[in-house]
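Colleague: I'm new to this one and would rather get to know a single part properly than skim everything. Could you take me through the nonpolar core and whatever ties in with it?

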Amino acid sequence: MPVDEARLAEYKARLAERERIIRESWVRTMEAKLVREKLDRCYETEGVNHMESCKELRERYIDMLRDNRVQGYKHIDV
């Protein structure tokens, strides 16, 4: 019995870790979405000067697109 309980505890810990990683991944993705919405508003309000005025937001959004991708698992190891 202790072996099965140990495997079960290990399995639950692994699942919890996966959920944490996926949750953090989604949070980073939603942060990028918020920056994109701010960038859209900046483009609309600044008009023809958007290239200069929205430069920081644009660069931040591009960096977030590279780094903040949703990562998940295709299968669960049993």
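**A close look at the core**

Modeller: Let's start with V35: setting aside its neighbours within four places in sequence, it is in contact with L57, R60, Y61 and M64, where contact means heavy atoms within 4.5 Å. Before going on, a word on where this comes from: residues are numbered from 1 along each chain as its sequence is written, and side-chain values use heavy atoms, with hydrogens and water left out. This is a predicted model, in which local features need pLDDT of at least 70 and side-chain atom pairs count only at pLDDT 80 or more, while totals for chains, interfaces and linings use all residues.

Two of those partners, Y61 and M64, turn up again with V35 in the largest nonpolar core, which has seven residues: A32, V35, L39, C42, C54, Y61 and M64. Helices α1 (2-46) and α3 (55-67) each give this core at least two residues, and α1 has the largest share, with four. A nonpolar core here is a set of buried Ala, Val, Leu, Ile, Met, Phe, Trp, Tyr and Cys residues joined through side-chain atoms within 4.5 Å. Buried means under 20% relative accessible area, exposed means over 50%, and partly exposed is in between (1.4 Å probe, protein chains only). As background, nonpolar side chains tend to be buried together in soluble globular proteins.

To place those helices, the chain has three of them and zero strands, so the order from the N terminus is simply α-α-α. Helices (H or I, at least four residues) and strands (E, at least two) are DSSP runs, numbered from the N terminus.

Now for the two cysteines in the core. C42 and C54 are joined by a disulfide, with 1.9 Å from S to S, and a search of the whole structure finds one such link. The link is left-handed, with -95° about the S-S bond. It connects distant parts of the chain: C42 sits in helix α1, and C54 in the loop between α2 (50-53) and α3, twelve residues apart. The cut-off used for a disulfide is a pair of cysteine sulfur atoms within 2.5 Å. C42 counts as buried because its relative accessibility is 13%, and C54 is buried too, at 1%.

Next, the charged side chains on the two helices that feed the core. R20 forms a salt bridge with E17, their closest N and O atoms being 2.3 Å apart, and another with E24, at 2.7 Å from N to O. A salt bridge means a side-chain nitrogen of Lys or Arg within 4 Å of a carboxyl oxygen of Asp or Glu. Together, E17, R20 and E24 are linked in a network. R20 and E17 both lie in α1, three residues apart, about one turn of the helix. E24 and R20 are about one helical turn apart because four residues separate them in α1. As for cover, R20 is partly exposed at 34% relative accessible area, E17 is partly exposed at 36%, and E24 is partly exposed at 36%.

On α3 there's a pair too: R66 and D63 meet in a salt bridge, 3.0 Å from N to O. They are three residues apart in that helix, so about one helical turn separates them. R66 counts as exposed at 57%, whereas D63 is partly exposed at 40%. The structure holds four salt bridges, the ones described here among them.

Finally, a step back to the chain that holds all this. Buried residues make up 14% of its 78 residues. Of the contacts between residues at least 6 apart in sequence, 63% join residues at least 24 apart. The chain exposes about 6,600 Å², and carbon and sulfur atoms supply 55% of that. Those areas come from the Shrake-Rupley method with a 1.4 Å probe, and for residues only the protein chains shown count as cover.
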